[in-house]
Amino acid sequence: MKFDTPATTNPIDQMKIVGKPTNRIEGPLKTTGTAPYAYERHDVAANQAYGYVVGSAIAKGRIASMNLDEARAAPGVIAIVTADNAGKLAKGNFNTAKLLGGPDIEHYHQAIALVVADSFEQARAAASLVRVEYTRGKGAYDLAAAIDTAIKPKASFGTEPDTAVGNFAAAFAAAPVQLDARYTTPDHSHAMMEPHATIAAWEGDKLTVWTSNQMIAWSVGDMAKTLGIPKENIRFDSPYIGGGFGGKLFNRADVLLAALGAKASKRPVKVALPRPLMINNTTHRPATIQRVRLGATADGKLTAIGHESWSGDLPGGGPETAVAQTRLLYAGENRMTAMRLAVLDLPEGNAMRAPGEAPGLMALEIAVDELAEKVGMDPVALRVLNDTQVDPEKPSRPFSQRQLNKCLETGAEKFGWSKRAKPGATRDGRWLVGMGVAAAFRNNLNGPSAARVRLAKSGVVTVETDMTDIGTGTYTIIAQTAAEMMGVPLDKVVVKLGDSSFPVSAGSGGQWGANSSTAGVYAACVKLREAVVQKLGLASDAVFADGKVKAGRRSVALGDAAADGELVAEDNMEYGDLAEKFQQSTFGAHFVEAGVDAMTGEIRVRRMLAVCAAGRILNPKAARSQVIGAMTMGAGAALMEELAVDKRFGFFVNHDLAGYEVPVHADIPHQDVIFLDEADPTTSPMKAKGVGELGICGVAAAVANAIYNATGVRVRNYPITLDKLLGKLPDMV
Amino acid sequence: MKSFTYERVDSAAAATAAFTRTPGARFIAGGTNLLDLMKLEIETPSHLIDVSRLALDKIEATAEGGLRIGAMVRNTDLASDARVRRDYGLLTRALVAGASGQLRNKATTAGNLLQRTRCPYFYDTNQPCNKRKPGSGCAAIGGFNRLHAVVGASDACIATHPSDMAVAMRALDAAIETVDAAGKARAIPIADFYRAPGKTPHLETVLAPGELITAVTLPKPVGGTHIYHKVRDRASYAFALISVGAIVQRDGTGRVALGGVGYKPWRVEAAEAALPRGAKPVADGLLAGARTTHENAYKLPLVERTLAGVLAQAKG
Ligand SMILES: Cc1cc2nc3c(=O)[nH]c(=O)nc-3n(C[C@H](O)[C@H](O)[C@H](O)COP(=O)(O)OP(=O)(O)OC[C@H]3O[C@@H](n4cnc5c(N)ncnc54)[C@H](O)[C@@H]3O)c2cc1C
Ligand code: SF4
């Protein structure tokens with residue numbers, strides 16, 4: 001099905017099942033520990049052996065020599081894979097550094113060997129007996145020191161490095177109110193619960209991997225390229241994923257090394273990355289240095305908006321697109337944005353939840369707060385004043401829907417924003433208390449997505465698509481979609497995901513999964529409905545409801561259409577140019593109350609509220625979970641998350657969950673989420689958009705602004721830890 | 001993890017005898033620290049002597065009016081003991097500020113005292129670390145050291161001791177009772193228990209090889225208001241950036257020990273005389289001779305301000 005004109009009324013609009021707060025259909029499996037995650041799939045292949053990855057001990061240089069004798073002789077060892085014996089391997093399109101390094105080393109903990117043994121303990125013990133001598137090379141590890149060498153990168157995923165409209169320099173110079181400030185955001189780790197893990201098995205020249213992966217088709221293609229075998233010979237299966245946040249968009253060392261280990265040992269092999277390898281072996285959100293310049297009239301109208309961002313990556317990598325939202329968020333006639341990219345020999349930078357917007361808004365939305373203060377205006381009012389209903393860089397393109405102002409105004413009312421006092425003025429015992437606000441913005445992306453639906457005699461509808469559920473609730477919204485379309489209750493729908501033998505979906509990433517994958521299921525269900533009415537000889541306007549198909553006086557059980565054999569339909573939703581004609585984005589407003597201990601500078605979030613406008617909300621319960629999870633992650637980015645770079649040795653030092661702190665329950669006392677009632681007919685027949693990334697966008701800045709309001713201390717370098725406040729807090733009593 | 005052999009013993013004498021029989025052996029109690037270190041091959045004992053079920057799991061009154069806490073009393077049980085809560089509230093507060101419920105259910109009194117540093121370089125066997133590999137250097141000096149020591153450190157090691165419980169024990173003047181391989185018992189005041197890193201940061205306590213901790217004794221209660229303030233970046237489940245354990249009497253006198261600033265729970269009795277005059281002179285005395293790095297200098301004002309907050313709280 002091609003979606004190239006705005007949606008009109010369709011069966012989803014009934015909203016009998018879609019749009020209702022619905023428990024996860026796979027929830028009981030997860031809460032009882034019976035949802036099989038990759039590393040636990042003991043049943044899929046007999047005689048599994050264990051692989052343990054050896055990571056490079058240096059960040060840059062060469063392996064001078066590698067001695068495997070002791071490791072080979074260790075108890076239980078079956079095989080050792082290294083770049084020397086792995087045969088020719090290509091690099092995947094989505095990988096910057098090689099998944100199996102050597103002799104050249106590109107980053108710390110780059111995999112250089114896999115030891116396969118009968119037990120996990122044997123493999124791990126033998127891995128420590130692999131003797132490696134290195135020749136250290138000189139690397140660049142310090143972003144601040146490298147920005148002078150940064151260059152203008154190529155456009156990536158359609159994002160140009162630079163944009164300019166009007167005359168920014170002149171307008172900024174002439175602006176009566178100016179803000180020019182520099183902000184930094186550190187490297188972040190996805191730190192999802194389930195590590196990267198894979199079981200691989202060969203049957204002749206056919207490879208099966210049971211893994212944990214967000215983007216099945218991309219990863220099948222990349223594995224085929226890396227191994228130099230046809231895509232058809234590879235099957236991926238990834239039904240349950242214990243979080244990804246972008247860390248599992250691409251193949252990592254576990255997939256390749258499990259496949260190579262299985263080949264070398266002639267047995268199925270399982271490999272999981274231990275925590276330290278997750279941090280230095282895989283990808284992370286790159287650190288940024290950002291400069292924001294805002295020029296405004298005395299009454300708060302923006303006349304000049306400038307946003308520059310510097311980030312680093314390995315050679316061949318890309319920039320963190322931290323200026324992306326600034327191109328679209330506020331009105332203003334004169335604008336410039338620019339991204340510059342330095343070479344850094346740290347582990348590979350890549351997408352993490354809301355890449356671009358998450359760190360970009362961390363800077364921009366403090367800057368807007370600072371500007372509001374300079375103008376002497378309420379920061380909610382300043383944002384409302386500078387709203388735009390068109391793409392400010394291309395005013396002929398309207399937003400498909402944009403209710404940012406309503407998010408801000410609703411939130412202000414519900415949160416009690418009018419009680420906000422001036423900085424440093426509110427105390428509650430030993431706590432300095434403040435409120436902060438920030439806008440949330442994240443683009444909506446759609447991707448082609450296919451699904452197959454089967455109708456059985458029993459009336460059960462089975463959906464098959466290679467779409468993934470990374471803990472977001474995809475199983476459930478797909479079931480809701482199929483149930484609504486076919487007029488059956490939720491328990492008559494079976495959803496099968498994550499298998500590359502199923503039709504290719506949009507996958508999970510960039511908050512495109514929910515709308516895109518359900519639109520694909522919609523398309524397949526439209527075809528199945530056609531097949532049903534044809535089979536039953538009913539008029540084409542037949543109504544599907546209550547497990548029946550009704551036309552005129554006739555009412556037939558849906559399953560009857562499959563009485564003499566299953567009915568199967570498959571379709572792919574494809575998109576025309578509506579996303580070019582209309583700017584499709586999601587919006588929100590975050591409100592935060594934070595307390596700062598006047599003596600110690602300890603910072604604790606006290607309340608959070610998000611108001612989101614993100615199209616039709618398919619499952620308010622799952623969407624709320626997504627948003628509160630994202631708000632939690634945003635609080636982490638504000639207050640504690642930072643990969644500490646060792647600038648001498650070139651690696652992230654705090655490479656486990658003891659050192660890389662993410663919020664715990666005690667950090668998040670109270671959260672609320674409000675969704676505005678929306679349906680966007682330009683996005684798909686589902687009229688939905690994404691919401692899983694919107695939730696994190698702007699949160700950290702709202703926390704930062706609340707801390708400023710509490711203390712009068714402005715911190716522009718994240719995370720905002722107490723040491724950055726301490727010297728500036730009011731004097732002790 | 002290296003392969004190792006394992007035995008469970010049922011008496012202190014059997015434990016020390018097993019050690020004499022098997023050089024390279026280690027005692028294991030709750031295992032919450034030792035096992036993690038073994039998995040990373042930071043500790044590589046060839047033999048484990050499991051002391052976790054020794055009958056050293058009681059808390060008893062001493063003739064002097066204090067308490068004798070068996071070495072195998074679990075942190076959870078110690079924190080919730082009625083006598084401890086009533087008379088040694090600082091100890092309860094410090095314990096529950098540490099780790100998590102599950103860990104405290106396993107962790108023992110002896111194991112807690114002997115837990116090793118959380119310096120991240122100590123945990124990465126690719127990096128130089130004098131504590132892990134004597135003579136290899138100290139990666140934390142000149143590296144990421146926001147969490148490291150400001151007092152008592154040496155050019156060989158700037159690690160801190162991470163225990164919360166030990167801070168309370170230090171303020172309470174605890175003594176550590178041991179028995180060695182020859183069966184000889186002794187009591188070591190906690191003030192003398194930890195060794196300064198000097199040139200040998202791998203030697204952390206005065207215990208002889210094979211010397212088994214059997215109990216920790218607390219002198220009779222000293223009254224006062226007991227406050228433990230642990231300062232950290234997140235609200236729970238994190239080691240202290242610094243912590244202040246204080247016992248403050250009605251007249252403003254009292255005791256203070258610090259966590260997160262040095263290789264041991266840090267107390268300077270001479271500095272406590274200044275308590276009635278407020279936090280600054282006490283902090284100055286406690287931190288005299290401090291040496292900071294570019295990343296951990298904040299700990300000095302943080303100690304003073306936290307102590308000031310604690311003293312204000314004690315006044316009520
Ligand atoms: C995730 C995590 C978070 C934590 N957070 C905190 C925190 O916030 N604050 C805090 O204070 N602690 C914290 N801890 C540390 C925890 O308190 C210690 O791991 C625990 O107290 C160690 O006790 P154990 O009985 O498990 O020791 P084990 O691991 O069994 O032993 C530790 C050491 O003591 C030796 N040993 C044990 N018993 C004896 C004995 N009777 N005689 C002589 N030697 C002995 C062992 O040989 C070993 O060297 C944390 C630990 C973890 C894993
Ligand atoms: S501070 Fe001590 S524990 Fe840390 S690296 Fe240096 S020597 Fe090792």
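Biologist: Let's start with a proline. Where in chain A does P719(A) lie?

Modeller: P719(A) sits in the loop between α16 (699-711) and α17 (722-725) of chain A. Keep in mind that this is a predicted model.

Biologist: And how should I read the peptide bond from Y718(A) to P719(A), cis or trans?

Modeller: Look at omega. For the bond from Y718(A) to P719(A), omega is near -10°, and the bond is cis. There is another case in chain A: the bond from G102(A) to P103(A) is cis too, with omega near -5°. P103(A) is found in the loop between β4 (77-82) and β5 (104-105).

Biologist: Okay, on to phi. Which value does A354(A) have?

Modeller: Its phi is near 60°, a positive value in a residue other than glycine. You'll find A354(A) in the loop between β16 (334-343) and α9 (357-375) of chain A. Another one to look up is Q511(A), which is not a glycine either, yet has a positive phi of about 50°. Its loop runs between β21 (493-496) and α13 (513-536).

Biologist: Are those two loop residues, A354(A) and Q511(A), buried or exposed?

Modeller: The cut-off to remember is that buried means under 20% relative accessible area. A354(A) has 0%, so it is buried. Q511(A) has 9% relative accessibility, so it counts as buried as well.

Biologist: Now helices. How do I picture one?

Modeller: An α-helix has 3.6 residues a turn, so residues three or four places apart point the same way. Now try α12 (residues 474-486) of chain A: it has 13 residues and reaches 18 Å from its first C-alpha to its last, close to the 18 Å expected at 1.5 Å a residue.

Biologist: How many of the residues of α12(A) are buried?

Modeller: 13 of the 13, so the helix is largely enclosed by the rest of the structure. Just after α12(A) comes G487(A), whose phi is positive, near 65°.

Biologist: What does R529(A) touch, beyond its neighbours in sequence?

Modeller: First, place the residue: R529(A) is in helix α13 of chain A. With a relative accessible area of 16%, R529(A) is buried, because the cut-off is 20%. For touching, a contact means heavy atoms within 4.5 Å. Leaving aside neighbours within four places in sequence, R529(A) is in contact with P11(A), M485(A), M486(A), A542(A) and F544(A). By contrast, try V627(A): it is 98 residues from R529(A) along the chain, and their C-alpha atoms are separated by 34 Å.

Biologist: Let's zoom out to chain B. How many helices and strands does chain B have?

Modeller: Chain B has 11 helices and 11 strands. Its C-alpha atoms fill a box of roughly 55 × 50 × 35 Å along the principal axes.

Biologist: What does the radius of gyration tell me about chain B?

Modeller: You compare it with the value for a compact globule. For 316 residues that would be near 20 Å, and chain B has 19 Å, so the two agree. Buried residues make up 57% of the 316. Of the contacts with a separation of 6 or more, 62% come from residues 24 or more positions apart.

Biologist: And what about the surface and charges of chain B?

Modeller: Chain B exposes about 12,700 Å², with 53% of that supplied by carbon and sulfur atoms. For charges, you can compare mean positions: those of the 40 positive and 28 negative charges of chain B are 3 Å apart.

How values were computed: Residues are numbered from 1 along each chain as its sequence is written. Chains are lettered from A and ligands numbered from 1 in the order in which they are written. This is a predicted model: local features need pLDDT of at least 70, side-chain atom pairs count only at pLDDT 80 or more; totals for chains, interfaces and linings use all residues. Side-chain values use heavy atoms; hydrogens and water are left out. Helices (H or I, at least four residues) and strands (E, at least two) are DSSP runs, numbered from the N terminus. The expected span of a helix is 1.5 Å times one less than its number of residues. Buried means under 20% relative accessible area, exposed over 50%, partly exposed in between (1.4 Å probe, protein chains only). The radius of gyration is taken over C-alpha atoms; the globule rule is 2.2 Å times the number of residues to the power 0.38. Accessible areas come from the Shrake-Rupley method with a 1.4 Å probe; for residues, only the protein chains shown count as cover. Lys and Arg count as positive and Asp and Glu as negative; His and the chain ends are not counted. The place of a charge is taken as NZ of Lys, CZ of Arg, CG of Asp or CD of Glu.
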